[in-house]
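I kept these entries while going through the model, one topic at a time. They begin with internal space and then move to a helix, the backbone and a few single residues.

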Amino acid sequence: MVTLPIPSIAPAPLPTLRLGRIELDFPVVQAALSGYSDWAMRVIARRLGAPYTLCEVLLDQFVVQVSRGKKADRYLRVTDEEHPVGGQLMGANPDDFAPAAKRLVAAGFDVIDINFGCPVKKVLGRCRGGYLLSQVETALEIVGRVRDAVPPEVPVTVKMRRGLDDSQESRENFFRIFDGAYERGVAAITVHGRTVVQRYVGPSRWEFLREVKQHASSRVVLGSGDLFTPQACLDMIAQTGVDGVTAARGAIGNPWIFAQARALAAGMPLPEPPRVSEQRAVIAEHYRLADELYGPEISGRHMRKFGIKYSQLHPAGRAVRDAFVAVTCPAEWQAVFERFYSEDLPGRHPAVEVDETVDCEAG
């Protein structure tokens with residue numbers, strides 16, 4: 001294992017975050033990100049300060065059917081340094097959730113998270129994700145099935161958006177599912193401040209998160225939406241009263257967001273962005289982990305999208321991004337990496353740009 005350069009940061013004074021029996025030392029965690037938060041990304045985030053991560057959303061039927069081989073290893077891999085780590089499930093039929101949840105527990109996931117928030121059209125068309133916010137009884141049956149299926153010491157959590165749309169019916173459905181899920185034993189619920197039909201257009205309504213947390217009282221609520229900077233993570237906690245937040249798109253290509261949030265929470269100034277030499281070390285280790293997970297041919301294609309995201313911290317960000325966009329094979333990826341990351345230069349904080357290409361994320 002390669003040791004990454006992590007800033008020395010005093011423990012944050014923010015309250016710890018509890019997910020059932022699991023206590024996290026910091027309330028800023030990495031969300032589930034479809035196509036991104038695989039084992040390699042999660043390990044990097046943990047090494048750079050994330051107290052907890054979630055795997056990319058997995059279809060319940062896929063989890064049950066893929067029991068062994070390369071696919072099982074790619075999607076269900078959990079290693080010792082990851083704990084605690086959550087596995088996120090999505091599906092339509094309550095019957096499929098219980099065996100899938102058991103499979104994730106057997107694979108080593110410490111928490112089972114249920115996705116009722118994905119806004120992607122093909123997901124909604126198959127009655128999954130955010131669609132279930134309009135199906136109160138089905139959603140609550142899924143929660144109950146999962147809670148009953150896994151051992152009592154394994155926390156079950158839920159991811160929601162603030163509703164299917166802004167209608168009164170959607171609002172009522174939200175709170176029926178929200179309250180009903182806690183009644184069925186979930187340990188925490190993450191709420192994204194946008195509706196399903198809104199997808200990622202327009203701001204996340206933090207005032208709704210404040211209302212939800214006031215309604216929830218002592219029940220654990222995490223907030224999500226528009227967390228692109230470490231300061232935004234702390235601002236959401238301060239302004240809404242939520243118990244924790246899930247960084248999603250803001251963590252892709254910027255795993256330093258967790259250490260930076262810890263520094264701010266400890267009363268320190270925002271750390272300087274990582275220099276190019278530090279970026280090089282982290283990106284190289286990320287590539288090595290991806291290569292271990294996927295093999296050389298797949299890892300090269302897979303890391304292209306990460307190279308594009310990491311480029312936002314490079315002082316020549318646009319040129320680096322364009323170079324990674326043009327990559328077609330592992331050798332070209334390595335050539336871009338050597339070209340732009342050999343000279344040690346000051347880094348830069350990423351610009352806040354909303355990327356609507358990342359689907360089924362939790363923040």
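**Entry 1: the second cavity**

Which residues line the second largest cavity? I looked this up in what is a predicted model, and the lining consists of Gln30, Met41, Ile44, Ala45, Ala251, Ile252, Gly253, Pro255, His286, Phe306 and Tyr310. The volume of this second largest cavity comes to about 50 Å³. When I sorted its lining by class, I found 8 nonpolar residues and 3 polar ones, with no charged residue. I then asked which elements contribute, and noted that helix 1 and helix 12 each supply at least two residues of this lining, with helix 1 giving the most, namely 3 residues.

**Entry 2: the largest cavity**

I next turned to the count of cavities of 30 Å³ or more, which is 3. A probe the size of a water molecule, rolled over the atoms, shows where empty space is left. The largest cavity holds about 70 Å³ of space, and its lining is made of Leu19, Tyr52, Leu54, Asp113, Thr157, Ala188, Ile189, Thr190, Leu222 and Thr246. Strand 9, which spans residues 188-192, provides the largest share of that lining, with 3 residues. By class I recorded 6 nonpolar, 3 polar and 1 charged residues for the largest cavity.

**Entry 3: helix 12**

Since helix 12 had come up in the lining of the second largest cavity, I looked at its geometry. Helix 12 runs over residues 296-310, and its 15 residues reach 20 Å from the first C-alpha to the last, which is close to the 21 Å expected at 1.5 Å a residue. Where is the kink in helix 12 centred? I located it on Arg304, with an angle of about 30 degrees.

For burial, I listed Ser299, Gly300, His302, Met303, Phe306, Gly307, Ile308, Lys309 and Tyr310 as the buried residues of helix 12. An α-helix has 3.6 residues a turn, so residues three or four places apart point the same way. The cover over the buried residues of helix 12 includes helix 1 (39-47), helix 11 (276-294), helix 13 (317-325) and helix 14 (330-341). Two of the buried residues, Phe306 and Tyr310, also appear in the lining of the second largest cavity.

Pro296 also belongs to helix 12, and I asked whether it is buried or exposed. Pro296 counts as exposed because its relative accessible area is 52%, where the cut-off for exposed is over 50%. Leaving out residues up to four places away in sequence, Pro296 touches Asp291 and Pro330. Its C-alpha is separated by 9.9 Å from that of Cys329, which is 33 residues apart from Pro296 along the chain.

**Entry 4: backbone exceptions**

Most residues other than glycine have a negative phi, and most peptide bonds are trans. Against that background I searched for exceptions, and noted first that the peptide bond from His83 to Pro84 is cis, with omega near 0 degrees. Pro84 sits in the loop between helix 3 (69-76) and strand 6 (85-90).

Which phi does Cys127 have? Although Cys127 is not a glycine, its phi is positive, at about 65 degrees; it is placed in the loop between helix 5 (121-125) and helix 6 (136-149), and it counts as partly exposed because its relative accessibility is 31%. Asp226, also not a glycine, has a positive phi of about 65 degrees, and I found Asp226 in the loop between strand 10 (220-224) and helix 9 (230-240).

**Entry 5: single residues**

I closed with three positions chosen for their accessibility. Tyr200, in the loop between strand 9 and helix 8 (206-216), has a relative accessibility of 2% and therefore counts as buried, the cut-off for buried being under 20%. Gly125, which is found in helix 5, is exposed, with a relative accessible area of 63%; the C-alpha atoms of Gly125 and Leu48, 77 residues apart along the chain, are separated by 37 Å.

Glu23 lies in strand 2, residues 22-24, and counts as partly exposed at 48% relative accessibility. Beyond residues up to four places away in sequence, I noted that Glu23 touches Thr16, Leu17 and Arg18.

Conventions
Residues are numbered from 1 along each chain as its sequence is written. This is a predicted model: local features need pLDDT of at least 70, side-chain atom pairs count only at pLDDT 80 or more; totals for chains, interfaces and linings use all residues. Side-chain values use heavy atoms; hydrogens and water are left out. Helices (H or I, at least four residues) and strands (E, at least two) are DSSP runs, numbered from the N terminus. The expected span of a helix is 1.5 Å times one less than its number of residues. The bend at a residue is the angle between axes fitted to the seven residues ending there and the seven starting there. Buried means under 20% relative accessible area, exposed over 50%, partly exposed in between (1.4 Å probe, protein chains only). Contact means heavy atoms within 4.5 Å. On a 1 Å grid over the protein atoms alone, a cavity is a set of points where a 1.4 Å probe fits but cannot get out, and a pocket is an open set with protein on both sides within 12 Å along at least five of seven lines; lining residues have an atom within 4 Å of a point. Grid points are joined across faces, edges and corners, and a volume is the space filled by probe spheres set on the points. Ala, Val, Leu, Ile, Met, Phe, Trp, Tyr, Cys and Pro count as nonpolar, Asp, Glu, Lys and Arg as charged, and the others, Gly among them, as polar.
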